[in-house]
Structure formats: structure tokens, C-alpha cells
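Take a walk through this chain, from its backbone to its ligand. Keep the model in view as you read.

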Amino acid sequence: MKRWQTHLQNSITTSKQLTSRFALPLADIDRVADIYPMRINPYYLSLIKQPGDALWRQVVPDLQELYDTVCIDDPLNEENLSPVANLVHKYPDRALFLVSNQCAVYCRFCTRKRKVGTKSMHINFETINRGIKYITETPAIKDVLVSGGDPLLLADSRLEYILASLRAIKHVEIIRIGSRVPCTLPMRVTKKLAALIKRYHPVYINTHFNHPDEITPEAAEACSRLADAGIPLGNQTVLLKGINDDPIIIKDLLYKLLRIRVKPYYLFQTDMTKGTDHFRVSVEKGLEIMQSLIGHVSGMAVPTFAVDAPGGGGKIPLLPNYIKHMGRQLVFRNYCGVTCIYDNPNDNTEMRLIHGEKTAHRC
Ligand SMILES: *Cc1c(COP(=O)(O)O)cnc(C)c1O
């Protein structure tokens, strides 16, 4: 197997390279790629069966990206929630630390497509040190999400520097790495990498598979290496029109993830990121998919469906409605549509929480 660096170097970045493999006129691709970069490494390219399929659409530029008038550059308001560059501090006890501006492929639906892979995302040794300093000086932060870009595209030595620095901070209890590499460049997950991460436990990895065709023997091996190093693996899927907005495809994906020891964590409603409007499906579609999962498949396979609130409000879980209120009685509907009645004890808190009026804690 070729080294991961070779795969990355041989990535496709222009339409010419794509037309040499697929006999297609692809003139518009470069216009789009000039603004939102394209990178398709040979491994991910090899998984594409034909133009327009679910994997193609995730990575090949489309003219529609330039004609999005609905969405905005920074819908999650990350720039204003960054006390230092490349560190988003939105929830008091967690920080999102961006340590790389590169990815193994550039996803067309990327939430940070305004900057990932472009010159406008400045990440270097100094910005990383400033982030570490901020975390060191902010004792409320217990959980650091190392992300980017893709942190696992950093050289081992740089990644180790970051993990060691974070682990040395007393109040940082857990470290999470967000990486699409197990899906898009599994050969990056070398034995050496797994052994390196293992030295800084507890470390969790959340990866990102969107379609069952991405779960290959190579991806399985990468996940195995990480799981064998004691790293719990989660997955974040983005709901994407024409790619995975279908209960059968999502079910297949979720079971295949469990088979490779990856626990589905989030299913995301697509963010309102400029250039991605054509990927968005309605929230109702997502709820329909959740309803097809809950109770029908292993609870282990069911992710939390969530929308990341525009403006930076954080992730909001979305559930099909299973409850109706009839005074003190709650009428529940089960997964098959059968109703049952639950007599609710009268201690107020429960009802207030269900109605979302007051919560015990306000932030
Ligand atoms: C998603 C996110 C987190 C982590 O949220 P969890 O629900 O704990 O996974 C933290 N910070 C930011 C800015 C995020 O976008």
C-alpha cells in the first residue's frame, strides 16, 4: 500500500485530471474550484463508481455552489465566538480548537468552506500556541475538540506536540479529535499514529462517514487500529440531498458503522453555509428518517439528530413527537404507532421541562 503522503500528493485538484478518468465535459469545475478548492485523493477517487453518484457529489465541484443566495459565509458565527484565532469557545466547558487548514478531500458541503483549504485560514505554530495558552488560562474548559481542517493530516510530531500540550493542562479532562481521515484517507491511520494517540488518553475520535459505500475494508482496518488502541470512535453524518436523505441508506450506513466499532453520534441537519444550499433537505425529512430508526433498529445505531443553531446558539436536538398531553396523563405513541397512557406524577419540574419553559439551569 502506498504511503498516505503519496496519496495526498497525487490528489486531483483540477477538472483536467478528472476528465482523464471520466469522459465528461467538466468545464465549470475549475471556476468553482478557484473559489472553493477541490481535492480528491486517489483512494477516495477509486471509490467513485460513476459521475454523479453519492461519493462524486460529496467531492466534485458543482456550479450550484456559486449561485447560492440563501446561505451565508459563517452561519455558526464562529468568527465572533473566537477569543483567539482558530479557537471557538461557545459552550463554557468545551472548546473547538482548529489546528489544521487541510483535508484529505474537500467536501463540497463543508461548514467552513469559506476558509478550509484556502489561504484565508492561517494556522501555524504561533496560532496553535496561542490556542493552547487560552485553554491553559481558562479553567472552565474540560473538553477540547481538536479539529480543522483535519488534524490527522498534521505530521505525527506536530500532532503529538498538540496532544502532549493539552494533556499537560490539569483542567482538560478529555480530548476529542474530529477527523474524516478514517473515511477519506484510511492509510493515514498507521500503527504508529494509533500508538501515538494512545499515549494521551482519554482521547475520543469522532469521524465522518456519510454513505455505506465509504465503509470499505481499508476504512474498517483504520477504525480497528484506533479502537484497538482504546480510542472510542463516534461518527457525525450530515444529511445531504440526493446522497443519504433516505431511511434505507442511513440504516445501512449506521449498521455498517457499528460493525466497524464506530458508534453513531450525530446526524446533522445541513448548516446554512454559503455554497451548500443545494445539499439541504427539510427538517421534516430528517425527522422521518429518525422515526424510521427509533425502535426499529438497535438503539446503539441511533444517532442524535440535531441542527447547529444559526448565529452560534449551539446544537439543538430534534426528535419526532411521541408525546401528547391530556392533563396529567401523557399519551405516548410507540415506534409502531401503538399508543399507551402514562400517568404523570405531579411534581411540576417534569412538565416544565417537557414544555421547555424553565430549566433548572440557565446559561
Ligand atoms: C459541536 C461543538 C462542540 C461540541 O458539542 P457536543 O454536543 O459536546 O459534541 C463544541 N464547541 C463547538 C463550537 C461546537 O460546534
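In which loop is P202 found? P202 is in the loop between helix 9 (191–198) and strand 5 (203–207). Keep in mind that this is a predicted model. The peptide bond leading from H201 into P202 is cis. Its omega is near 0°.

A second cis bond joins two glycines. The peptide bond from G148 to G149 has omega near 20° and is cis. G149 belongs to the loop that runs between strand 3 (143–147) and helix 7 (156–167).

One more backbone feature deserves a stop. N86 is not a glycine, but its phi is positive, near 65°. N86 lies in the loop between helix 5 (54–59) and strand 1 (87–88). Why point out such places? They stand out because most residues other than glycine have a negative phi, and most peptide bonds are trans.

Now step back to the whole chain. The domain assignment gives domain 1 as 68–317 and domain 2 as 323–355. The C-alpha centres of domain 1 and domain 2 are 35 Å apart.

Next comes the ligand. Where does it sit? The space the ligand takes is the largest pocket. Its surroundings begin, in sequence order, with V88, K90, Y91, R94 and L96. L145 and R176 are also around the ligand. Y265, Y266, D308 and K315 complete the list.

Which strands each supply at least two residues of this shell? Strand 2 (94–98) is one, and strand 7 (262–268) is the other.

Sort the shell by class and a clear split appears. The shell has 6 nonpolar and 5 charged residues. Polar residues are absent from it.

Look now at single atoms. Three side chains of the shell bring polar atoms to ligand oxygens. For Y266, a polar side-chain atom is 2.5 Å from an oxygen atom of the ligand. For R176, the distance from a polar side-chain atom to a ligand oxygen is 2.8 Å. For K315, an N or O atom of the side chain lies 3.0 Å from an oxygen atom of the ligand.

How much of the ligand does the protein bury? Taken alone, the ligand exposes 380 Å². The protein buries 90% of that area.

Methods. Residues are numbered from 1 along each chain as its sequence is written. This is a predicted model: local features need pLDDT of at least 70, side-chain atom pairs count only at pLDDT 80 or more; totals for chains, interfaces and linings use all residues. Side-chain values use heavy atoms; hydrogens and water are left out. A residue is near a molecule or strand if one of its heavy atoms lies within 4 Å of it. A polar contact is a pair of N or O atoms within 3.5 Å; within protein, one must be able to donate a hydrogen and the other to accept it, and residues adjacent in sequence count only if both atoms are side-chain atoms. Accessible areas come from the Shrake-Rupley method with a 1.4 Å probe; for residues, only the protein chains shown count as cover. On a 1 Å grid over the protein atoms alone, a cavity is a set of points where a 1.4 Å probe fits but cannot get out, and a pocket is an open set with protein on both sides within 12 Å along at least five of seven lines; lining residues have an atom within 4 Å of a point. A molecule sits in a cavity or pocket if more than half of its atoms lie within 2 Å of its grid points. Helices (H or I, at least four residues) and strands (E, at least two) are DSSP runs, numbered from the N terminus. Ala, Val, Leu, Ile, Met, Phe, Trp, Tyr, Cys and Pro count as nonpolar, Asp, Glu, Lys and Arg as charged, and the others, Gly among them, as polar. Domain bounds come from an automatic or database domain assignment.
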